[in-house]
Amino acid sequence: MSTLTEAPPPLAPPAPEQKPPRGRGRLVPYWLLLPGILWLLVFFLMPMVYQASTSVQTGSLEEGYKVTWHFATYWDALAEYWPQFLRSVLYAGTATVLCLLLGYPLAYLIAFRAGRWRNVVLILVIAPFFTSFLIRTLAWKTILSDGGPVVGALNTLHVLDVTNWLGITAGDRVLATPLAVVCGLTYNFLPFMILPLYTSLERIDPRLHEAAGDLYARPSTTFRKVTFPLSMPGVVSGTLLTFIPASGDYVNAELLGSTDTRMVGNVIQTQFLRVLDYPTAAALSFILMAAILIMVTLYIRRSGTEDLV
Amino acid sequence: MTFVNWLRRHLVVIAGLLTLGYLLLPNVVVTVFSFNKPKGRFNYEWQRFSADAWKDPCGVSDLCGSLSVSLQIAFWATLGATVLGTMIAFALVRYRFRARGAVNSLIFLPMAMPEVVMAASLLTLFLNLGAQLGFWTVLIAHIMFCLSFVVVAVKARVMSMDPSLEQAAQDLYAGPAQTFLRVTLPLAAPGIAAGALLAFALSFDDFIITNFNAGSLVTFPMFVWGSAQRGTPVQINVIGTAMFVVAVLFVLAGMLIGNRRKRQKA
């Protein structure tokens, strides 16, 4: 999580030009890199290759699989599971936008308005992490339960009529509907939005706000022209840290949704662990990976922040 | 009118506090329901107050066993990822070498990959190699996805360290080993500790990658997942609440010690 949120460290004074070490010393960096890089090559990169090869195999569990370059698996998988793909993008995208809308005020509050409460609020944002996220997701079953206070209030306020009409809830229920899944996704990934936003907001010099005020900018103008543009790095890494895990998630769709809210993660999980149709599962996983990588690259290019790590 | 003005001035604070409430509400529910006495197998509806589960947190079979499995895996995964990650971080900051760009991408990619993709591809590897799924495959997977996070945390710290301190140690006739153990390592310690803490939290709470590669091994998150189908014992909420309380106490203690040190220095 600290990946994209860590503030850039203050640069140390430049090291005096070191002579390149000779002989054995030259190999030191390679020895340092070797075990870790080997680990990533064998257990991260090689699995990707195996997965790519599995996706073009045919056969059965009993007779074994053989590589037959059967690319039709990809078309069949897409033809059968495009609704789940669409849903993943839609749910994850909605959750990301909601996280930004909900998370920005809180990050702003911590950075500029919390005063001596800053650390307390920050701890309260991080602390829920220490209760297993599955337990917390199950708690939403209680909160959104049929006949519970939330559903009751939404019913009285006729909000459910609107959401029913939009097709994101059904009947007098919230559980087992898209609304519940998006609500769970938003909840689960909100801290991943808030922390990078906070780090980039905290770096803004408050005197810039005063300067904008002195130049007769209204608070809304100050926000639009000064604060928000300066917080862009946080917005970019926050949206990535929310969207990527949310698009592959199957926990929220399984626990809070129904068969009509299954996402691509659910399909991959079922195909792999229950149906044991490895080629289809591998093809789906490969498509998801490619889609994410393309989207992330385009997004980073567009928003112009290349050095995220 | 004054109320509208007040509202306008405090809009950000109100919205922020509402979000904070949204974030904390499930924890409140988890805590309250740890004192519930449910009627059926599921602990989703409030019945009546009871502290039974708190008196007997291990009362459900396999629950505490799964907790101990999770702690063991988290411990070894943290150790492995911290050692390997720290070495990579030092190499990246302190040395010049070929293929730096490739190394950087290899470290960045696991963090930009949906967990389900890593989980599924790792499972294809293990299936192809005919590996026995269980403790070791889960440990391998956890070290793999924790590694990058350690590298980032340690790298940030090592980059901000002043190299002249180590040169001073060498000028004072400290050997390379002595310099490393008595100057470099203590300076890098906060970064290494942050990376290790992150690795522990990530490993302990991981579900998706574990679910794919665990075989019949049951970690604590997998126990919770299974109980969502079979029936949720109140003890799950007890463990969840206890972890929350212990973590908050730890952080508060750390802050108090930090404050006292600052005051002593001042």
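Leaving out residues up to four places away in sequence, A:Asn188 is in contact with A:Phe133, A:Thr137 and A:Asn252, where contact means that the C-beta atoms, placed from the backbone, lie within 7 Å. The model behind this picture is predicted: local features need pLDDT of at least 70 and side-chain atom pairs count only at pLDDT 80 or more, while totals for chains, interfaces and linings use all residues. Residues are numbered from 1 along each chain as its sequence is written, and chains are lettered from A and ligands numbered from 1 in the order in which they are written.

Back to A:Asn188, which sits in helix 7 of chain A. Helices here are DSSP runs of H or I with at least four residues, strands are runs of E with at least two, and both are numbered from the N terminus. A:Asn188 counts as buried because it has 23 C-beta neighbours inside 10 Å; the cut-offs are 20 or more other C-beta atoms within 10 Å for buried, 12 or fewer for exposed, and anything in between for partly exposed. From A:Asn188 to A:Thr242 it is 54 residues in sequence, but 9.0 Å in space, C-alpha to C-alpha.

Now for the nonpolar core, meaning a set of buried Ala, Val, Leu, Ile, Met, Phe, Trp, Tyr and Cys residues joined through C-beta atoms within 7 Å. The largest one has 147 residues, and those with the most contacts inside it are A:Ala107, B:Ile88, B:Ala120 and B:Cys146. Helix 7 (residues 178-202) of chain A gives the most to this core, 16 residues. Domain 1 (66-231) and domain 2 (233-266) of chain B both chip in residues, so the core lies between them; the domain bounds come from an automatic or database domain assignment. As for B:Cys146, its contacts beyond four places in sequence are B:Ala77, B:Ala81, B:Ala199, B:Leu202 and B:Ser203.

Where the two chains touch, chain A puts in 79 residues and chain B puts in 79 residues. On chain A's side, helix 1 (residues 28-55) gives the most, with 18 residues. That side of chain A breaks down into 59 nonpolar, 16 polar and four charged residues. Here Ala, Val, Leu, Ile, Met, Phe, Trp, Tyr, Cys and Pro count as nonpolar, Asp, Glu, Lys and Arg as charged, and the others, Gly among them, as polar.

Helix 5 (residues 100-108) of chain B has two sides to it. B:Val103, B:Leu106 and B:Ile107 are buried, and seen down the axis these buried residues fall within an arc of 95°, so they line one face of the helix. The arc is taken from the directions from the helix axis to the C-beta atoms. On the other side, B:Gly101, B:Ala102 and B:Ser105 are exposed. The cover over the buried residues includes helix 1 of chain A, along with helix 4 and helix 7 (135-159) of chain B.

Two residues have an unusual backbone angle, given that most residues other than glycine have a negative phi. A:His158, not a glycine, has a positive phi of about 60°. A:His158 lies in the loop between helix 5 (149-156) and helix 6 (159-166) of chain A and is exposed, with 9 other C-beta atoms within 10 Å. B:Asp62, also not a glycine, has a positive phi of about 75°. B:Asp62 belongs to the loop between helix 3 (52-55) and helix 4 (63-94) of chain B and is partly exposed, with 13 other C-beta atoms within 10 Å.
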